[in-house]
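User: I'm new to this structure and would like a close look at a single part of it. Could you pick out some paired strands and walk me through how they fit together?

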Amino acid sequence: MCSSERTVMPMTAMFLVILLLVSGTAELFGQKFFPNDPLVNEPEPYRVDDASPRPLSGLIDYFENAFGEQGERHPSGGVIEALGVNTLGEVMEGSWYNLRHYRTRMSPAELARGAGNENPPDPNASWEVLTVKRFGTRTGLLISDGSDSLYFLRFDVPRQPEMMTGAQVVSGKFFWALGYWTTQDYLVNFNRSQLQASEGGKDITSIGKTRPLQEEDIDALLNNVASDGRGGYRAVAHRIAAEARLLGPFQLFGTRSDDPNDIFPHEHRRELRGLRVFSAWLNHVYMSTLATMDGVAARPDTTPHLFHLLIDFIGTLGSGYGQIKSAYEGYEPAFGWMSSLQNLAGMGVYSKPWMRVNYPKHRSVGRFEYELFDPEEWHSVAPLVPFDNMLPDDAFWAARQVMAFTDADIRAIVATGEYSDPAAEEWIVRCLSGRRDKIGQVYFNKVLPLEKFRIEGGELAFDDLAVVHGLIGSRTYSVTWGALDNLTGQIRPINVNRVSGTMMTVPAPEIVAGADPGRYLSATIAATDSPHEVVAYFRTSENGLNLAGIEHHWEGKVVAPPAEEETEEIVSRYNELTPTQRELFDPYAVAQSAAAGKNETPDEYFGTLRLSERTTFEAVTHALEETSLTAEDGTSLGIALDQVVAIERIAGAYLNRGGDAQFRVYVKLKDTAYTVTHPSGLECYLSDRVHTLEKSTEFFRDKDNTVFHAGYPFSYRQTGKLPNIQFSMSEDGLSGDVDVDYRSSKSPQALWNGHLTASNSDIRAGKNYVLHDLRWAGLVDWWLDYFGKVPEYHVQRPDLFVAPPETPTPLPPDRPYGASPALVQDAAQEWLTDWLVRGNIDEAIAFMSAQAKSCLNVDDRERLEQMSLADAKAHLQMSMSSLVDVLGLKANLTEAVDAILPWSEVVPVREHEFDGEFTLVEVPDSVAAAFRCEVRSDEGLRDVLENKEFQYGNYFGTMFRLKDDRNQGGVLSVLWAKEDGAWKIVSWEAVTD
Amino acid sequence: MIDRVFKALRQAQLIGAKRGRSLLVVGLSLLSGSTLWAQAAPTSRTQQLENLRLEKNATLWPERTSPVVEFVEGMVERGMLSGRLDTSGGSGLQFPVFGGMRSGNGFSIGVGYRRLDLWRDRLGVRMVARGTGAHAYKLDAQVDLNALRNDRGHVDLYAAYENSPRMDFYGFGPDSKKEDRASYRLEDTAVDLRGSYRLAGPLALQARVGALFVNTGPGTRPDVTPIPDGPEQLPGSGLEEQSNFLRYGADLRFDYRDNPGGPKVGGNYYLNWTHYRDQTTDRHSFDQLAMAIEQYVPYFNKTRVIALRAGVTMTSASPDQTVPFYLLPTLGGNEFLRGFGWYRFSDENMMILTAEHRWHVFPGLEAALFLDAGKVAPRAQVLNFSDLEYTGGVGLRFKINEIVFMRIDQGVSREGYRMAWTFSNVF
C-alpha cells in the first residue's frame, strides 16, 4: 500500500520527482493515518443534478456474469482489500450504508419498524389505481391513497399465499437493520371494492404500450394472484416517496460515470462484498443488479445526490418468483461448468445432498432450511463479482452483524411477515437462527474475530466474538507492541517483551501508556489456537491511546501490489479548449470561483462544472467559433464568437425547466448603439453586434420571442439547414442567450420533433452530435462512445413513478363526424379531444378550414408551401398523427393540454368550462386578418396592434400548451371563424422559441 | 487503496487510457498545472476523499443506455420470454420462431406476430410464417376469441397452410421395409374452430369442427423414390384422388400437470375422437380415436422425474371407405419410437409406450434416459405387447422458465442410431 512497495520502471531522477508529485494522495506518500481517522461518515456529497435514469438488463447481466467476468477480480498474486471503509474497516456511512443494529442495538419495535411504518396506504381510503402492470419482471398495481405517496402493490401467487409478500417484508426489515437503504414496505389486506381505476390511469399492455385504464384490467391482474376467495387480497405495498427521483438499478461493478461521489468500484465496496453473507443468511439468491435502485434524494434539507437502495426481496427465504425456490437455488449457481458436468455425468443416479433435503410443507415458506446450509458453499443464482471478491475480513465484518441478531430479534422481524400459520413463522425463525449460527462458526474462524479494542486499566482489552457468542471457550492471546512510522507505514518493534494473557485482556507495558502524543503504536495480537492475527493501531494523545485503525491478517493473506500502470494521458477538457474559448471562459471562471470564496484556476473550475454545462459550453462556443460572418458584398465580418464579450452563465440541464432555459450560454454582448422596434412599439437600443448579425448573410431576424426566452425578446437565427445558432437578446441589446437548435422549429414538426424540449439544444441527445459535426466539424464527442447514447429528454418517466393525475374536466360525449357545435369553445374542445384523446384524426381535420392550409410548412424552408387541398390535408394528417405517436393518446383532455395566457390585452380572455385546458380569447377582425398564415408577419401584426379601434365578434382564438410528461410541450395558437354556420380553424401558429 | 481507485477509474474509461504516452507528457502537463494531478497532498482523510471526488467530477460522463439493453428489457417487460412459450404476454414481432412444422422436412425457421391485447384483450391474434431449406412452408394463424374466454371456457379459430415436400412413406403395417422408403408431398390447408369447457377441476371437454383440404404429389427427397413411381401403388390409399374433408370431434381431458410446457408432477389423461368426412370422393371417411395416459412422478425435490406414457390411436372406416395413407397413425421420428426414421411405420392403429427418467443438470437443461416401445397394426384387436418395436436412448431438454423449448434425443433401434433435434417437448 505504500509507495515504497511499488515497483517502478527504470526512470530518470526527473521522472522520480514527477512520480512523487503525481502521488497526490496520502498513501502514496506513505502516510498511513490522518488525524481525523477513523472517519465514520462519508464527506458531504457533491451536488448531483443531471444524473440520468438508466435501465439495466438482468438477463444480459446474468449472461455476462455466468459466461464472462465483470469488474475487477483479485489478481493471481494477492488480494485487493475492500474500499469505502475507514481505518477500522467499517463502511463509512452515507449514501450506501448506515450501520444500525450492530452499532446500537435496535429494540424489537425498531426492528419491526424497518425503513418506516408511518406511511402505510390509508386503509380507510379508496385506492385509485394509476397503473396496472401485468407483464414483465415485476407485476402489480400502482395506487394512490390520496396522500403524497404512491404505492406499488405486489401479490402472492395463488398456490403459495403469503410466501412472496412475507419474504419481501421480513427480509426488507433485516436488510434495513443490517444497514442498507431499503424501501418502506407495508403488508396490506384489502377488498377489491377498495380499488378504483383512476380516470387518468394506465394499463400496460402486452405490446408494451399504455392505454386508458378500466376496471377489468385490475380484475385481469387480480385473477392471477392469491386471494381469500371472497374478494380479499393481501399485498405488499412499496412506498414511492414523492420527493425521490429514481434512476434505475446500480451495477455491481465499476462506478456510475455521472456521479462524482461514486469513487469506489462497487466490486470492492465492503458493503457489497459482505452482502454475500447477508444474502446467504436470508437466502437472497436472486441478488443482482435488478434488486437494486439508485435514486436522487431531493429533500430540501439535503444536497441532491445519489443514494443506493436494495429493493427487491420477494425471492428471499424459501420464496422464488411466482413459485417456491427451485431445489438447487442457494446450493449451486444457475450455471456452473463443474456443477453441471457433475449433474450430467451422474446420469440421475448420483444425487447431491441438496437434492435430498426434506423440506417441511409450509405453503407460505417454500424451500428454506438450515441443516444443510453452509455459508461458504451458498450460491446466488448468478455469480456476482462483489460476492466473488469477498475476503475473510469482509465476511467477518458481515458475520459479526448477523451474529448480533438474537433469537428474539429474529422473531420480532419475522413476526412482521404476518404469517397466518404459526408453524410457518416458527420454521423461518428456526432456519434463520440456525443459519446465523453457522455463519458465525464459519467466518469467525477465517480471521481472529477481535474487535472493540481499548486500553482499560493499563491493559489492552478487546472482544473476541467467537468467545462472546460461545462458539469457543477462552483462549490465550499474545501481543507484540510496535511503533508505527506513519509516513512509511513501517512498524518498529518496541523494546518490550511479547506479553500474553487470557480472557480478552492483555497487560500493556508502561511505554505504551507513556508514549508521547502524536505517535502511533501498533499491537499485533495472535491467539494460540489460531493462525490469524489482528493489528490494532493506536494514536497517542493527551487523553491516552485512541484507536486509529485495525487490520485483520489471515493465513496466506497477501495484499496485491497496485497494478503496474503505464503513465497515461489524462483527459482534461479544459486543455482541449481553443485559445478563443479559453479567453472567454477564463474571466468567467475566475469570477465564479472568487464568488464562491475559492481560488480555483480556470482549469480547476472547468473541472467543477457539471457535465451538461461543459458539453453545452463546448458545443455553443464551438459553433460560434466555426461560424464566419460575411456581409452581402462578401466582406468578412469576423466570426460569431467575436461578438460575445463575456459569459454570464453557462446553463446545462435543469430538471423541470423549459427547454428555453437549458443548454445555452448567457452572454454579454458588444455595446454599440443600434435601435430596433420592439413588438410593443418601443424603440430599443441594441448593440453593434446585432447590427453585425443584421448585416451578415449567415443570420436573419427571426420571429420575436413572445412565449419563450423570457427577457430576451429579439431573436436572430442562423440561416441554412439545421442545426443553427440562435441569439435571443435583451431589449437593450447588451445581453442574451445563445444556443444551438438541432431540431426544426418550423411548424408543425416543432410540436413533436423535440424542438420544444431540452433535447433540442443538448449536444448529447439523440443524433445531435452527428448533426453538429456535419455543420461545424471538429467537435470531439468525448462524452459519447459507440455503444451508448444519452436518452432523449422527452422520454417518458417510467410508468411506475408517474405523478398522480389531475382531476380531469368532464367532457360531453363524442360528437359525430362533421358535427357543428354552436359554441366555439365546444368546437375547440371537440377538435382537441378528437385529436389528442380519441385519436380520430379525420374527425379533427374536419374542423380545419381550407384557408388554414397556408399554415403548413413541411420543411425548413422559409417559404410557405404551395400545395393542393388534398396534399395539405395529407400533410396535416401526418403531422397530427405524428404528434399522437410521440405523446401517445391521453386519457382525457386535461392530461393532453394546458391553458396559457396571451400577452396582449387586445385579445381579451373569455371564461368557459374548459379554461383549465385551453384559453379562449376574442380576436379583433384586423388582428385576425393579419394572423392569416398567407400574410402573417411580425411587422404586419405590429402595425395592426398600433390601431386602437378594434372590431370583435367574428373571430376567436384558442391557446394552449401540449403536455409532455417531463417537459413543456409546444404552444399552439388557433384562430377560429364561422364558415357556413360552423366553427372552423382558419389559421394557426405553433409558437416556438 | 488509492492506486486501486485510480486503476478502476481508468478501467472504467473515466480517465484517458491511451497507453504508450511518455512520462514526459505527464510531467509537462503537471508543470503546466494540470488539474487532476496537481492537487496538494491531502492533510485529512476527508480531503483525500474530496480530492478523489474532484478528480471524478472533472471527468464525468453521462450514463449510457445500450440499445441492446433497451431491446432486451423491452422484450422482458412485455412478457416476451415467457410469452413466446405460453399464452400470456409477449405481443409483438416474434423472431426467430423455430419448429412448429411437420417433421422430416428440414430445419425450420420463421417469423411471427402476436397481439393479445386487441379489443382490450378480448381478441388475440397470432400469425406465423415458417420455412425450411427443403422448401417446406407453413403459414398459420390463430384467432383467440378471448371475449368468450372465462375461467372455464375458451374459443379459438385456427387456420394453417402447410406444404411438406419431403414426407416419407414406407408402406403399411409393422412389416414394412426400410428400403421401401418413398417420398411424397403433402400440401394441406386446415381451418378449425375449437371450443373448450372445464367441467370440474382439471377435467375439460373440447369440441372442434373444421375442414381439411389435402393435396398430395411426388416428394422431393433426394435419393428416395417418389411415391407414384415407387414400389407401392397404394390402391385406395387416397393418393390417386385429392380429398377435402369436413372434420369434427371432441376431446375429454383430465390434465393436472404442474406445468404443461415442462411437467414434473401430475398427469394428463385424454380421450380424443375425430370424424373425417370425405367431401370430395366419399371414399375416405373415417373415425379416429386416440387415448393416452401421461404420468409424471418426481422425487428428490423434483430434480428427478419419471415420466410415463401409454397411448393408443385407432382408426375405423366403413367397408366402402379407407383411411388415406397420409392420415394414418405413424411411429418413428422425434416423438414416437425415436430410434426409427420419420413415419417409419404406418397403419390404421398404433400404440406407444414410453418411459423416461429425467434429471436436473442446471435450470436450463435436463437430461433424460428413455425407452420407447410401440407397434402399428391393421386391426385394433392386435394392439398387444407382442412384436413390439423398441428404441432406447438419451436426450437433453433445453428450457427457459421451466418450459422445454428445444430437445435433442439420441435413440437406437434395430435399424440403427438416430438423432432427433426438435423444438418441442416429447410429452
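Analyst: Let's start with a term: two strands count as paired if DSSP finds at least two bridges between them. Keep in mind that this is a predicted model.

With that in hand, look at strand β11 of chain B, residues 286-299. On one side of the story is strand β12 of chain B, which covers residues 304-316. β11(B) and β12(B) run antiparallel, and 13 bridges link them. To see one of those matches, find B:Gln288: its bridge partner in β12(B) is B:Thr315.

Now for the turn. β11(B) and β12(B) form a hairpin with 4 residues between the strands. In that hairpin, B:Phe300 has a positive phi, near 50°.

β11(B) has another partner too, strand β10 of chain B, made of residues 266-278. That pairing is also antiparallel, with 11 bridges joining β10(B) to β11(B). Here you can pick out B:Asn268, which sits opposite B:Glu294 of β11(B).

So what should you keep in mind while you look along these strands? In a regular strand, side chains alternate between the two faces of the sheet.

Put together, β11(B) pairs with β10(B) through 11 bridges and with β12(B) through 13. If you want spots to click on, try B:Glu294 across from B:Asn268, then B:Gln288 with B:Thr315, and finish at B:Phe300 in the hairpin.

Key:
Residues are numbered from 1 along each chain as its sequence is written. Chains are lettered from A and ligands numbered from 1 in the order in which they are written. This is a predicted model: local features need pLDDT of at least 70, side-chain atom pairs count only at pLDDT 80 or more; totals for chains, interfaces and linings use all residues. Helices (H or I, at least four residues) and strands (E, at least two) are DSSP runs, numbered from the N terminus.
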